[in-house]
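Please open the structure in a viewer and keep the selection tool at hand. The tour below proceeds stop by stop, stating what to select and what is found there.

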Amino acid sequence: MKAIVVHEFGAPEVMKLEEFPTPKAGPGQAVVRIHAAGVNPFDTYMRAGTYAIKPQLPYVPGGEGAGVVHSVGEGITQFKAGDRVYVGHPVTGTYAEYSLALESQLHRLPERTTFSQGAGIYVACGTAYHALYHHAKARASETLLVHGASGGVGIAAVQIARAMGMTVIGTAGSDKGLELVRREGAQYAFNHNTPGYTDDILNATNGRGVNVILEMLANVNLAADLKLLARYGRAIIIGSRGDISITPRDLMARTASVRGFTLWGITEAEEADVHAGIFAGLENGTIRPVVGKEIPLAEAVRAHKEILEKGAHGKIILIP
Ligand code: NAP
């Protein structure tokens, strides 16, 4: 099969399109013909060799994708060849024509969801759902700030929170991003590059502050976030690319808390909730994955550069 292969950690250019052995399904495994692969920021950290998870070299990148079950091994009972699926955290990478997955890593893809949309479900929707339901324990009557709402996780969070009944404030760094954030359901959208925008966020809550923050760039925003929280507010760290100092008294004064997580730490029971919720949301149209760009697999290098650029507008997808 054709696959992107990494032989050494480093810059995006270490990714090469090569012929690579097609995986074979062993007991409890399935091979999925990948029609679309999701590109995520952590793919770039992993390729650079700076991520907590360091794969054995050579490896095929890609933690999620969507396609059709090609073959199944012994003991697989829930899926058969021909089923439309999305895969999350599979055994072998999705930047390839085929990916090997355990049965627990396969999830049904509703007919109305395209493969490109499906490739952006696991990480973006999974993280947003897990953050809102399990970590923030968000409630319909609360106000949410999605700090970085124009990207994969942010848009999913806006859609899910609106469907829950929350009041949603989202931020983006471009006019196009702000328009998208409003279109997908945020009642308020502010540009995180405009000086004084945090005052606008507070004003939108009539000075009360927001109950929940989902933070995509904590190393830049966490100190300011703590001043935006309402009493008993919760700041949930989803993304961070460095260090920051905060004023602990901001938390004390509000009886507020900061919590971080990674999707890799999710429990089996939480994962069952997440995928049941996502499937229902996809079917009833409250979750609508937004595909920003479809890029041919051969141009994975470009995809890794663009995912870290400003001006996010939904998910970046690779097409094998
Ligand atoms: P993405 O699609 O690249 O989107 C990045 C988002 O961050 C965009 O909305 C971008 O807005 C926004 N942003 C840029 N500068 C910002 C600033 N100063 N303040 C607030 N937001 C800012 O990435 P993603 O897939 O949504 O992931 C977002 C972050 O979460 C990444 O760091 C990723 O590694 C992390 N993440 C963590 C987990 C986990 O398990 N904890 C799971 C998934 C993702 P503009 O481009 O419009 O400026």
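Select Tyr 232, which is found in strand β12. In this predicted model, the phi angle of Tyr 232 is near 65 degrees, a positive value in a residue other than glycine. Most residues other than glycine have a negative phi, and most peptide bonds are trans. Is Tyr 232 buried or exposed? Tyr 232 counts as exposed because its relative accessibility is 51%, and the cut-off for that class is over 50%.

Two further backbone features may be visited next. Select His 89, in the loop between β5 and β6 (98–102). His 89 is not a glycine, yet its phi is positive, at about 55 degrees. With a relative accessibility of 37%, His 89 counts as partly exposed. Then select Leu 57 and Pro 58: the peptide bond from the former to the latter is cis, with omega near -10 degrees. Pro 58 belongs to the loop between α1 and β4.

Now select residues 84–88, which form strand β5. How many of the five residues of β5 are buried? The strand is mostly covered, with five of its five residues buried. Rotate the view to follow the side chains: Arg 84, Tyr 86 and Gly 88 point one way from β5, whereas Val 85 and Val 87 point the other way.

Add the strands that pair with β5. Strand β4 (residues 64–72) pairs with β5 in the antiparallel sense over five bridges, and Gly 67 stands opposite Val 85 in β5. Strand β7 (residues 106–108) also runs antiparallel to β5, joined to it by three bridges. Here Val 85 stands opposite Arg 108 in β7.

Move to the ligand and display the residues around it. Which residues come nearest to the ligand? Of the 27 residues around the ligand, the nearest are Tyr 45, Ser 150, His 192, Leu 263 and Ala 312. By class, this shell has 13 nonpolar, twelve polar and two charged residues. Helices α1 (41–48), α3 (121–135) and α4 (152–164) may be coloured at this stop, since each supplies at least two residues of the shell.

Next, examine the oxygen atoms of the ligand. An N or O atom in the side chain of Tyr 45 is 2.8 Å from a ligand oxygen atom. For Gly 148, a backbone N or O atom lies 3.5 Å from an oxygen atom of the ligand. For Ala 312, a backbone N or O atom lies 2.8 Å from an oxygen atom of the ligand. The ligand has 920 Å² of accessible area on its own, and the protein covers 89% of that area.

Select His 130, which is found in helix α3. His 130 counts as buried because its relative accessibility is 2%, and the cut-off for that class is under 20%. The side chains of His 130 and His 135 are joined by a polar contact of 3.1 Å. Not counting residues up to four places away in sequence, His 130 touches His 135, Phe 261, Leu 263, Ile 266, Glu 270 and Val 274. Leu 263 has already been met, as one of the residues nearest the ligand.

Continue to Val 258, found in strand β13 (residues 257–260). Val 258 is partly exposed, with a relative accessible area of 31%. Which residues are in contact with Val 258, leaving aside its neighbours within four places in sequence? They are Leu 222, Leu 226, Ala 235, Ile 237 and Leu 251. To span a wider view, select Thr 171, which is 87 residues from Val 258 along the chain; their C-alpha atoms are separated by 19 Å.

Leu 222 leads to the next stop. The C-alpha atoms of Leu 222 and Ser 245 are separated by 8.3 Å, although these residues are 23 apart along the chain. Ser 245 is found in the loop between β12 (229–237) and α8 (248–254), and at 61% relative accessibility it counts as exposed.

The tour ends at Leu 202, in helix α6 (residues 197–204). Leu 202 is partly exposed, with a relative accessible area of 25%. Leaving aside neighbours within four places in sequence, Leu 202 is in contact with Gly 207, Gly 209, Lys 227 and Leu 228. Finally, select Glu 142: its C-alpha atom is separated by 14 Å from that of Leu 202, 60 residues away along the chain.

Technical notes:
Residues numbered from 1 in each chain as written. Predicted model: local features only at pLDDT ≥ 70, side-chain atom pairs only at ≥ 80, totals over all residues. Heavy atoms only, no water. Helix = DSSP H or I, 4+ residues; strand = E, 2+ residues; numbered from the N terminus. Buried < 20%, exposed > 50% of the residue type's maximum accessible area, 1.4 Å probe, protein only. Contact = heavy atoms within 4.5 Å. Near = heavy atom within 4 Å. Polar contact = N/O pair within 3.5 Å; in protein donor to acceptor, adjacent residues only side chain to side chain. Areas by Shrake-Rupley, 256 points an atom, 1.4 Å probe, with all protein chains shown as cover. Nonpolar A, V, L, I, M, F, W, Y, C, P; charged D, E, K, R; others polar. Pairing = 2+ DSSP bridges.
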